[in-house]
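Trainee: I've got the model open and I'd like to talk it through. Can we take it one piece at a time?

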Amino acid sequence: MTHTTAHFGKDLIGLESLSAEQILLILDTAEPFKEISERRIKKVPVLRGKTIVNLFFEPSTRTRISFEFAEKRLSADTVNITSTGSSVVKGETLVDTARNLEAMRIDMVVIRHGSSGAPRFLSERIPSNVVSAGDGSHEHPTQALLDLLTIRDRLAKIEGARVCIVGDILHSRVARSNIYGLTKLGAEVGVCGPPTLMPVDIEELGVTVFRHVEEAIEWADVLNVLRLQLERMQGGYVPSLREYNRIYGVSRARLERASKELLILHPGPMNRGVEIDSDVADGPDSVILDQVTNGIAVRMAVLYLLAGGAPEKAESAKGGVEE
Ligand code: CP
């Protein structure tokens with residue numbers, strides 16, 4: 001079993017270590033895969049014979065199901081493991097869990113973990129391909145890739161676009177991956193949120209900090225609105241959710257005061273009425289469900305490339321429909 005590719009390396013741990021060319025390669029490879037999900041029979045034999053384990057140690061709706069659909073639509077065999085349903089609850093370590101899976105001859109592991117660095121730790125210890133599905137407050141690479149694809153779909157190009165990430169930047173792996181991806185592709189990136197939820201050295205990542213959401217809205221072409229990560233807050237970051245909504249909430253009234261229309265993204269899950277109001281989330285400028293649709297194509301592209309698929313053959317690889 002070989003687990004390397006000329007284009008892409010063994011693993012996808014984050015966007016920090018990828019070049020602009022590699023990121024564009026994933027986005028371009030995702031394009032032909034979009035159409036598979038629109039077919040009556042949503043299946044091609046691209047990863048037939050590959051075994052992929054989805055190892056989710058944190059709750060997830062979108063990412064877990066999206067990876068599973070991507071794997072199944074490429075004809076891989078998939079197994080889903082959650083921490084509560086595995087021997088992790090009996091004290092088995094992450095590496096022991098993975099080594100036991102390796103002994104069953106798997107090819108890839110998709111891992112979500114609450115600890116930053118867990119995917120890299122695993123990737124250095126097992127020969128299977130490792131794909132991060134989000135780790136702690138470190139990175140969520142496939143979320144940022146699907147965000148980039150969605151922005152590119154609407155604006156035609158990412159270079160020169162002004163994208164402001166609004167909300168809880170401190171705890172957000174989505175923010176970090178987006179900042180790496182967007183800046184590498186030539187976007188201008190802003191961040192906006194309470195000082196208590198803003199990393200002190202955030203400007204070093206090449207972003208502009210906005211203290212007022214009204215300024216951010218006036219500056220940006222795109223808002224990527226992040227949820228308040230209530231489970232990662234021990235209290236004290238914001239006075240109250242109502243206060244947060246009053247000062248930083250993305251509302252229809254705030255958007256209507258801007259001199260142009262903005263594209264609205266949110267990675268989900270949303271706290272409606274906190275970081276985003278329902279009439280914005282469900283409004284005409286929202287591409288939140290387009291993000292979810294694009295997530296499958298992006299994850300198909302990542303799995304295809306990691307399995308050694310040639311980007312230039314992605315179009316023909318999807319040709320074979322399985323009846
Ligand atoms: N965007 C995202 O990661 O959502 P889930 O936590 O539902 O996977």
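Trainee: Where is glycine 85 found?

Mentor: Keep in mind that this is a predicted model. Glycine 85 isn't in a helix or strand here; look between β2 (77–82) and α3 (94–103), and you'll see that glycine 85 is found in the loop.

Trainee: Is glycine 85 buried or exposed?

Mentor: The cut-off for exposed is over 50% relative accessible area. Glycine 85 comes in at 67% relative accessibility, so it counts as exposed.

Trainee: What separates the C-alpha atoms of glycine 85 and phenylalanine 57?

Mentor: Along the chain these two are 28 residues apart. In space, the separation of their C-alpha atoms is 9.9 Å.

Trainee: On to the helices. Are α5 and α6 roughly parallel or oblique to each other?

Mentor: Helix α5 covers residues 141–155 and helix α6 residues 173–184, and their axes lie 8 Å apart. They pack at an angle of about 50°. Roughly parallel would need an angle under 35 degrees, and roughly perpendicular starts at 65. So α5 and α6 are oblique.

Trainee: How many residues of the contact of α5 with α6 are charged?

Mentor: On the α5 side you have Pro141, Gln143, Ala144, Asp147, Leu148 and Ile151, and on the α6 side Val174, Ser177, Asn178, Gly181 and Leu182. Six of these residues are nonpolar and four polar, and the number of charged ones is one.

Trainee: Asparagine 178 is in that list. Is it buried or exposed?

Mentor: Asparagine 178 is found in helix α6. Leaving aside neighbours within four places in sequence, its contacts are Ala144, Asp147, Ile165, Thr183 and Asn224. Its relative accessible area is 1%, and buried means under 20%, so asparagine 178 is buried.

Trainee: How is α1 oriented to α5, roughly perpendicular or roughly parallel?

Mentor: Helix α1 (residues 20–34) packs against α5 with the axes 10 Å apart, at an angle of about 70°. That angle falls within 65 to 115, so α1 is, with respect to α5, roughly perpendicular.

Trainee: And how many residues of the contact of α1 with α5 are charged?

Mentor: The α1 side includes Asp28, Glu31 and Lys34, while Arg152 and Asp153 are among those on α5. The contact has eight nonpolar residues and no polar ones, and the charged ones number five.

Trainee: Last one: is the pair of phenylalanine 210 and tryptophan 219 stacked or tilted?

Mentor: A search of the whole structure finds three aromatic pairs. In this one the ring centres are 5.1 Å apart and the planes are at 45°, so the pair is tilted.

Technical notes: Residues numbered from 1 in each chain as written. Predicted model: local features only at pLDDT ≥ 70, side-chain atom pairs only at ≥ 80, totals over all residues. Heavy atoms only, no water. Axes fitted to C-alpha atoms, helices over the stretch in contact; angles between N-to-C directions. Helix = DSSP H or I, 4+ residues; strand = E, 2+ residues; numbered from the N terminus. Parallel < 35°, antiparallel > 145°, perpendicular 65-115°, else oblique. Contact = heavy atoms within 4.5 Å. Nonpolar A, V, L, I, M, F, W, Y, C, P; charged D, E, K, R; others polar. Phe/Tyr/Trp six-rings, centres within 6.5 Å; stacked < 30°, edge-to-face > 60°. Buried < 20%, exposed > 50% of the residue type's maximum accessible area, 1.4 Å probe, protein only.
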